[in-house]
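User: I am new to this structure and would like a close look at the part around its metal ion. Please describe that site with care and then place it within its surroundings.

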Amino acid sequence: MRSSGLSLLLLAALLASALAAVSYRGHQVYRLKPSEEHLAAVAALRGRMGLDFWSRAHLAGHPVDVRVPPQLLHSFRQHLDRHNVPHELLIADLEEVFQKERNLTHHKALPRRPESRISFTEYQTYDEIRQYLSDLASSYPSLVSVETIGQSFEGRPIDMIKISSGGDGTRPVIVIDAGIHAREWIAPAAALYVINQLVENAAESALTASVDWHIIPVLNPDGYEYTFTSERMWRKTRSTESNLCVGVDGNRNYDFHWMEVGASSFPCSETYAGPEAFSESETRALRDHVLADSSRIQLYLSFHSYGPYILYPWSYTAEMPDNWETLQALGDAANAAQEAAGGPTYAVGESTVILGASAGSSDDWTKALGGVELAYTIELPGGGSLGFDPPASEIIGIVAPFFEAIRVFGQYVSDNFG
Ligand code: 0X9
Ligand code: ZN
């Protein structure tokens, strides 16, 4: 009895430690500000194991934020000094940032607004998001349906909400996904806000009058869940094809110029492209949905963080796509509208020109092989001095102006294809 009680205790302790979240105690975040002459020194850091690049930009003049674990701090700073790379310390202790945020979230006890089923004063878990979508389907049966477009590696359903006010199934469609990168929490939050406005705000009904919206708020549910339970800074899927490291970068896994540039074949890299293109069930789910509805889909938006940027293909070359003038003008109009509503300035442009190359991304594939002429990756704003993680109190201030950009996209599709 005694020994079984003891072993139970032991088991509980073991379980607790296995489930305990990864700590970022002592991790610092630096903002590098490279000019042309520093780019090589910054590039040399990219391959270094253990450094976590939060910004993908690798062009002069673009700030690059890097998370540095304690054991690498010394050599990292040495490298910066040796090459005179301008930099500043953005976050002195990342765990403190997360700790503060957790305390706020636990103590907030803000009443959820009774008129809405969702709040934008906190980040939603995967289960809460599923519940919200299914509540909407029950409450608005003539406008909303929810489909599962696939299963994640660990077997979680990947939900897509279809918002359609009618028609005979030939209306133009806008596809939006978010959360392929697990830690970019503001992206699913923005997708949820779009859903919330399109469905629950009667004043926005013009946006659904002649256009259908297919929105996947969490394309990488395993990774997203994992960032809530274990490792806040997890980016990739949770697949285990490789026995070296877990996960594949979903935004390098699409089969268009796969693995050619700006992607890694090393399984432990944050930009690991996978053992082959479409190795991940999550990217296959998006692919299969796009192909199934290809003739109707006029616009594709993939939500990420952080920028702010509105990017269009290509991400494998700096060459412009044929319709770049349309893509640029529409992106500019979207940016202008959200700016007028108090949002920040999104840099609008071709992805490789703005950020550098990253082949195998979803917008490239969707445009080139999915038959969708208008494809964008939108990098929502980060948390300023907090780097990646806008505190929950800032969600609404980010997503509400951003909706004005979505309105421009919706209006465009309605005017041109509706
Ligand atoms: O690296 C990425 O996948 C994106 N940046 S993130 O910080 N969210 O990881 C940039 C994607 C740029 N590529 C395309 N627009 N295709
Ligand atoms: Zn991303």
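Analyst: The account below begins at the metal site and then moves outward to the neighbouring ligand, the loops and the aromatic residues. The model is predicted.

The zinc ion, ligand 2, is coordinated by ND1 of His181, by OE atoms of Glu184 listed twice, and by ND1 of His304, at 2.0 to 2.3 Å. Along the chain, these donors follow the spacing H-x2-E-x119-H. Glu184 belongs to the loop between strand 7 (173-178) and helix 6 (186-200), while His304 belongs to strand 9 (residues 297-305), so this pair ties together parts that are 120 residues apart in sequence.

Are these two donors buried or exposed? Glu184 has a relative accessibility of 3% and therefore counts as buried, the cut-off for that class being under 20%. His304 likewise counts as buried, because its relative accessibility is 2%. Setting aside neighbours within four places in sequence, the contacts of Glu184 are Arg235, His304, Ser305 and Phe388. Several of these residues return in the description of the second ligand.

Ligand 1 is surrounded by 17 residues, and the closest are Arg235, Arg252, Ser361, Asp363 and Glu379. Arg235 is thus listed both here and among the contacts of Glu184. His181, a donor to the zinc ion, also has a polar side-chain atom 3.2 Å from an oxygen atom of ligand 1. A polar side-chain atom of Asn251 lies 2.9 Å from an oxygen atom of ligand 1. Ser305 takes part through its backbone: an N or O atom there lies 3.2 Å from a nitrogen atom of ligand 1.

Ser305 also leads into a stretch with unusual backbone geometry. As a general rule, most peptide bonds are trans, and most residues other than glycine have a negative phi. The bond from Ser305 to Tyr306, however, is cis, with omega near 0°. Tyr306 lies in the loop between strand 9 and strand 10. A cis peptide bond also joins Gly307 and Pro308, with omega about 10°; Pro308 is found in the loop between strand 9 and strand 10. From Pro308 to Asp322 the separation is 14 residues in sequence and 25 Å in space, C-alpha to C-alpha. Asp322 is in the loop between strand 10 (309-312) and helix 9, and it counts as exposed because its relative accessibility is 84%.

Positive phi values are found elsewhere in the chain. Asn84, although not a glycine, has a positive phi of about 55°. This residue sits in the loop between helix 3 (73-82) and strand 4 (87-91) and is exposed, with a relative accessible area of 60%. Met259, also not a glycine, has a positive phi of about 65°. Its place is the loop between helix 7 (221-229) and helix 8 (281-292), and its relative accessible area of 24% makes it partly exposed.

Aromatic residues complete the picture. In the whole structure, 21 aromatic pairs are found. Tyr193 and Phe403 form one that is edge-to-face, with 6.1 Å from centre to centre and 85° between the planes. This pair links distant parts of the chain, since Tyr193 is in helix 6 and Phe403 in helix 12 (residues 395-417), 210 residues apart. Helix 6 is also the helix that follows the loop holding Glu184. Tyr193 counts as buried at 12% relative accessibility, and Phe403 counts as buried at 2%.

Tyr346 and Phe402 form a stacked pair, at 6.2 Å centre to centre and 25° between the planes. Tyr346 lies in the loop between helix 9 (324-340) and strand 11 (347-350), and Phe402 in helix 12, so the pair ties together parts that are 56 residues apart in sequence. Tyr346 is buried at 2% relative accessibility, as is Phe402 at 1%.

One aromatic cluster is formed by Tyr123, Trp185, Tyr224 and Phe228. Rings also face charged groups: the charged end of Arg238 sits over the ring of Tyr226, 3.6 Å from its centre. The charged end of Arg287 sits over the ring of Phe278, at 4.7 Å from the ring centre.

Terms used:
Residues numbered from 1 in each chain as written. Chains lettered and ligands numbered in written order. Predicted model: local features only at pLDDT ≥ 70, side-chain atom pairs only at ≥ 80, totals over all residues. Heavy atoms only, no water. Donors = N, O, S within 2.8 Å, 3.2 Å for Na, K, Ca; no water. Helix = DSSP H or I, 4+ residues; strand = E, 2+ residues; numbered from the N terminus. Buried < 20%, exposed > 50% of the residue type's maximum accessible area, 1.4 Å probe, protein only. Contact = heavy atoms within 4.5 Å. Phe/Tyr/Trp six-rings, centres within 6.5 Å; stacked < 30°, edge-to-face > 60°. Lys NZ or Arg CZ within 6 Å of the ring centre and 35° of its normal. Near = heavy atom within 4 Å. Polar contact = N/O pair within 3.5 Å; in protein donor to acceptor, adjacent residues only side chain to side chain.
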